[in-house]
Amino acid sequence: MMGRTTELFTRCFGHAPRWVVAAPGRVNLIGEHTDYNDGFVLPMAIERHIVIAADANPGRQVTLHSETTGETASFDVRPKVEPGEPSWSNYIRGVIAGFPKTKKKLASFDAVIESTLPYGGGLASSAALEVAAATLLEAMTGQVLDPIEKALLCQRAEHDFANVPCGIMDQFTSILARKDHALLLDCRSRTTTPVPMTDPAVTVLVINTNIRHKLAESEYAKRRSSCEAAARVLAVPALRDATPAALEAARGRMDPMVFRRARHVISENERTLQAAKAIQASDWDAVGRLMYESHASLRDDYEVSCPELDIVVEIARAMGKAEGVIGCRMTGAGFGGCAVSLVATDAVLRITRKLDEAYEKQTGKQTTIFSSRPAAGARVLKAD
Ligand code: GLA
């Protein structure tokens, strides 16, 4: 992972980099659109990363070269960092702008960015980019941030520089994930409970529909406002505090669409807690059932799925337990991107082939499928 990025840096800038850092993407097992409702999520980091190789430069400009897009961004760090083009550079600009002022003045730097994460594929590539940037700044300044502060800094970068009102799940996972564990995160108290995922008989598959809908970001903001509207009607600080019974009682006072959005969030919080327990008990039947229920709720009540994601889930469900599929659901914000499936390890090849063929037959498009063990959070790979 480190070798290639180091080589690219050397080719771009004529000398070896001083720092190399990596931050993983994530796949969320369950707990979708609950993080910004102060609820529960159960993600894990995946073995796909953003890697940044960098060195300080004596000038005033930061120069970033993205191997993924082939673009180079250059901007001044003083007097202050502003949003600008290309759009992916905003994730890094935002982190530099928000990084706490240190005794040691933040130097300008040159960097090469490489990624094994599909960009915009719903696997938190933007959070990984922010977290990699924050990890690089920590290494450069010698100032190690508290992990929660670091996650909030990265989230702010996304809110203020990329205009996406995201929750905290992706940044948290990219920082705090543990190898061989999913992370049950309470997004209100910001406490995490590691959930071991070490059963060798079970494999996590990520199935990319290779679809990305343009409206995803504006729809995300709309979902967030509907949840806030529902919380206001229910007179609770966040939907985390509402029960199914309280929602039912308020039905007549709520817009039907807002009601369905809230029903998704309230039921999804419950499913997430149940799934964490079921994984701990290796009750894979229960985990699978909860994943299918989560998908149906996201499709029908929250309306963030798309035909291609529904097709993947239906293909998986039709294979079912008999063919080694435990469960499947869309993962991430939705409107395209990836589905996640838990499958029997000894059936991975057969399942992958069947998913590939059936998806192409039904959509005329290709999927990209890979498996991943739960990976560790961001780290410095090289520092002098
Ligand atoms: C995106 C956001 C997260 C979360 C998910 C949906 O990934 O960045 O904060 O809201 O969507 O669960």
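**Reading cores, a sheet and its helices**

Colleague: Which residues does Leu64 touch, not counting residues up to four places away in sequence?

Modeller: In this predicted model, Leu64 touches Glu71, Thr72, Ala73, Phe75, Trp88, Ser89, Ile92, Phe109, Ala111 and Ile113, with residues up to four places away in sequence left out of the list.

Colleague: How should such contacts be read, and which residues touch the most other members in the largest nonpolar core?

Modeller: The general idea is that nonpolar side chains tend to be buried together in soluble globular proteins. Here the largest nonpolar core has 73 residues, and those touching the most other members are Leu29, Leu42, Ile52, Leu64, Ile96, Phe109 and Leu342. Helix 3 (residues 125-141) supplies the largest share of this core, 9 residues. Another core, of 49 residues, lies apart from it and includes Tyr36, Leu247, Ile311 and Cys328.

Colleague: Ile311 leads me to helix 10. Which of the residues in helix 10 are buried?

Modeller: The buried residues of helix 10 are Glu308, Leu309, Asp310, Ile311, Val312, Val313, Ile315, Ala316 and Met319. Among the elements covering them are strand 8 (202-212), helix 9 (284-300), strand 9 (325-331), strand 10 (336-344) and helix 11 (348-363). Helix 10 itself spans residues 307-319 and reaches 18 Å from its first C-alpha to its last, close to the 18 Å expected. Just after helix 10 comes Gly320, with a positive phi of about 60°.

Colleague: Several strands were named there. In what order do the 4 strands form the open sheet?

Modeller: As a general rule, strands of a sheet pair through backbone hydrogen bonds, and the pairing is either parallel or antiparallel. In this structure the order is 9-10-8-11, with antiparallel pairing. Strand 9 and strand 11 (368-371) each have a single partner strand, so one side of each is left without a neighbour in the sheet. From one strand to the next, the twist averages 20°. Strand 8 and strand 10 are joined by 8 bridges, and Ile207 stands opposite Ala339 in strand 10.

Colleague: Where does helix 9 lie?

Modeller: Helix 9 lies across strand 8, strand 9 and strand 10, and runs at about 30° to strand 9. One residue in helix 9 is Leu298.

Colleague: Is Leu298 buried or exposed?

Modeller: A residue counts as buried when its relative accessible area is under 20%. Leu298 has a value of 0%, and is therefore buried. Beyond its neighbours within four places in sequence, Leu298 is in contact with Glu32, His33, His264, Glu303, Val304, Ser305, Arg329 and Met330.

Key. Residues are numbered from 1 along each chain as its sequence is written. This is a predicted model: local features need pLDDT of at least 70, side-chain atom pairs count only at pLDDT 80 or more; totals for chains, interfaces and linings use all residues. Side-chain values use heavy atoms; hydrogens and water are left out. Helices (H or I, at least four residues) and strands (E, at least two) are DSSP runs, numbered from the N terminus. The expected span of a helix is 1.5 Å times one less than its number of residues. Buried means under 20% relative accessible area, exposed over 50%, partly exposed in between (1.4 Å probe, protein chains only). Contact means heavy atoms within 4.5 Å. A nonpolar core is a set of buried Ala, Val, Leu, Ile, Met, Phe, Trp, Tyr and Cys residues joined through side-chain atoms within 4.5 Å. Two strands pair if DSSP finds at least two bridges between them. Axes are lines fitted to C-alpha atoms, for helices over the stretch in contact, and angles run from 0 to 180 degrees between N-to-C directions.
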